Amino acid sequence: MSGIISYFSSLNPSALFAQLPGNIAQGVIWGIMALGVFITFKLLDFADLTVDGSFATGGAVTAVLIIAGVPVWAAILISLVAGILAGLVTGLLHTLLGIPGILAGILTQIALYSINLNIMGKSNVPVSYRNYPLLISASKINLAILIGLIFAAVIIIFMYWYFGTEQGSSIRSTGSNPAMSKAQGININVTKVIALALSNGLVALAGSLCAQYQGFADINMGRGAIVIGLAAVIIGMVIGEAIFKKGMNFAVRLIFVVIGAILYYIAMGLVLWLKMPTDDTKLFTAVVVAVFLAIPYLQERKRNSFKKVAKANAKKLLIGEGGKDA
Amino acid sequence: MLEIIDVYKTFNKGTVNEKKALQGVSLKLEDGDFCTVIGGNGAGKSTMLNAIAGVWPVDEGAICIDGKDISALPEYKRAKYLGRVFQDPRMGTVADMEIVENLAIAARRGQRRGLRWGVTKAEREQYREMLAEFDLGLEERMTTKVGLLSGGQRQAITLLMATVKKPQVLLLDEHTAALDPKTAAKVLELSDKIIREHNLTALMVTHNMKDAIKHGNRLIMMNEGKIILDIRGEEKKALTVNDLLGKFEEVAGEKLENDRMLLAD
């Protein structure tokens with residue numbers, strides 16, 4: 001009992017509010033990453049595990065280039081290109097060599113581990129805002145949120161436009177019905193590669209912003225990125241659908257992906273504030289994602305289950321027998 | 001004009017599951033020919049359509065459209081010449097996309113897909129008029145996701161998609177087989193109308209002998225990977241189901257044992 005009291009008295013409500021802006025800033029950056037995951041997971045129907053590697057690639061490239069004196073804008077742009085190349089590799093492994101999607105992603109991801117180490121020369125490269133002209137930094141959180149939101153907004157506008165074009169439409173149809181897409185003259189290998197490249201470009205861009213924000217690039221900074229991305233996408237969709245009752249247009253869906261990421265980081269901040277050990281956060285994330293992924297399936301099963309039929313039958317039987325007695 | 005010249009295809013060659021699906025199929029369709037294809041299960045009807053569509057490469061022979069050999073082109077490149085409607089209504093449309101978006105994708109069949117808008121305003125109007133002709137009320141549901149429509153409605157959309165850009169050859173692969181009789185009749189009627197109005201060259205596989213006789217100006221029957229009957233013109237107009245059964249026995253030297261074909265009416 002005294003343990004519980006001392007636990008609660010050790011919690012500091014003002015600390016919870018103080019950390020909120022930091023959670024939001026991180027959420028916005030990871031929201032950009034989640035927009036990349038949205039392209040593969042939702043539009044292409046391809047669970048792309050490359051992102052764990054390409055997120056760190058974005059951070060690694062940015063850190064090394066900024067230290068080498070390259071302007072920060074150029075460093076961000078080159079990170080984006082590095083991510084596009086990573087996605088290209090996964091796409092070619094899958095389409096040219098016939099390797100199943102998940103495996104192709106894992107292969108690129110593991111290859112990127114070595115490549116990222118080679119880029120950085122060591123497993124952790126600090127880039128402090130004190131020594132280098134960074135675009136965003138955790139030392140100026142409000143500005144970081146603002147810049148992050150500008151990036152997210154520009155990317156959402158770009159995606160809204162692109163996936164409304166002929167090429168973007170063909171990517172969406174490839175994800176939903178590849179056989180029909182071929183019959184309509186779409187080269188589905190090309191559309192898959194484009195989508196993977198685009199997705200990983202965005203992920204690396206987010207990695208670049210993340211490295212600047214936290215003031216270092218680390219070989220493990222992308223570990224579990226796919227799960228966080230999925231968490232953001234799924235939380236965003238569930239909440240968006242609850243509010244808009246499935247009437248969300250494409251732009252609103254994208255906005256909710258970013259909102260999902262922000263909510264994820266606020267929830268993460270909350271459990272850390274509740275003194276969950278940092279070591280357990282990945283376990284927490286996995287459980288959250290598993291629950292959110294399972295909800296639609298379980299709901300459907302509840303509506304359409306044999307057990308329900310059995311129960312209804314048992315009830316009928318009871319009523320039937322009652323009738324006989326009378 | 002479609003020309004199939006001595007095409008062979010064997011699946012699972014050299015294994016116990018070897019299946020000689022096409023054994024020297026030759027067929028020439030003139031422009032405007034509407035040819036129905038009948039035959040028992042495993043006769044090679046759908047295989048012939050898939051060979052034309054390029055789902056896989058043929059072992060031997062050539063497939064020419066307007067004199068150009070397309071047998072070395074992959075499926076997505078041949079799509080330029082072909083409109084296709086499949087047996088499964090889910091196969092021809094993208095469930096997650098709106099009716100207009102599906103039509104717009106089909107309207108760009110065989111064209112480079114660039115960064116222009118996927119659906120233009122002018123197109124929308126055009127599709128509305130086309131859908132209104134179908135008389136299914138779909139013109140009021142242009143932005144509905146296709147996945148929410150019934151099988152018959154989806155098949156009608158697929159039909160429109162296959163013809164919104166005039167194909168050199170229209171391939172209908174048992175496209176009414178998965179529908180209830182009333183809807184099937186409606187979709188078939190639509191198909192016939194579209195083919196006649198646009199003077200399309202079409203191949204229609206069906207299991208229903210009456211449909212095969214009633215529609216089109218030509219009828220072929222397949223058996224064991226070969227075309228065993230080819231009836232056209234006046235002779236086809238006078239054809240009856242009994243004639244067909246008799247002819248089958250004559251040519252194949254056996255009774256036609258296919259309940260689905262006999263019972264369908």
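This dialogue goes through several features of a predicted model.

Trainee: Which residues have the most contacts inside the largest nonpolar core?

Mentor: In soluble globular proteins, the general tendency is for nonpolar side chains to be buried together. Here the largest nonpolar core holds 91 residues, and those with the most contacts inside it are Ile32(A), Ala34(A), Phe38(A), Ala206(A), Ala232(A), Val233(A) and Val257(A). Helix H9 of chain A, residues 188-214, gives the most to this core, namely 15 residues. There is also a second, separate core, with 80 residues, including Ile65(B), Leu82(B), Val100(B) and Leu160(B).

Trainee: Which residues does Ala34(A) touch, if those up to four places away in sequence are not counted?

Mentor: Ala34(A) touches Gly229(A), Ala232(A) and Val233(A), and also Val257(A), Val258(A), Gly260(A) and Ala261(A), with residues up to four places away in sequence left out.

Trainee: Is Glu241(A) buried or exposed?

Mentor: One decides by counting neighbours: 20 or more other C-beta atoms within 10 Å make a residue buried, and 12 or fewer make it exposed. Glu241(A) has 15 C-beta neighbours inside 10 Å, and therefore counts as partly exposed. This residue lies in helix H10 of chain A, residues 225-244. Its C-alpha is 9.5 Å from that of Phe256(A), and the two residues are 15 apart in sequence.

Trainee: How many residues of chain A are in contact with chain B?

Mentor: On the side of chain A there are 19 residues, in contact with 25 residues of chain B. Helix H7 (166-176) and helix H8 (178-183) of chain A each supply at least two residues of that side of chain A. H7(A) gives the most, with eight residues. By residue class, the side of chain A that touches chain B has four nonpolar, 12 polar and three charged residues.

Trainee: What is the order of the strands in the open sheet of chain B?

Mentor: To read a sheet, one follows its strands from one edge to the other. The four strands of this open sheet in chain B have the order S2-S1-S4-S5, and the pairing is antiparallel. Strand S2 (19-29) and strand S5 (68-69) of chain B are the edge strands, each pairing on one side only. Strand S1 of chain B, residues 2-11, pairs with S2(B) in the antiparallel sense over eight bridges. Val7(B) has Val25(B), in S2(B), as its bridge partner.

Trainee: Which helix packs on this sheet?

Mentor: Helix H1 of chain B, residues 45-53, packs on the sheet and touches S1, S2 and strand S4 (60-65) of chain B. The direction of this helix makes about 70° with that of S2(B).

Terms used:
Residues numbered from 1 in each chain as written. Chains lettered and ligands numbered in written order. Core = buried A, V, L, I, M, F, W, Y, C linked by C-beta atoms within 7 Å. Contact = placed C-beta atoms within 7 Å. Nonpolar A, V, L, I, M, F, W, Y, C, P; charged D, E, K, R; others polar. Pairing = 2+ DSSP bridges. Axes fitted to C-alpha atoms, helices over the stretch in contact; angles between N-to-C directions.
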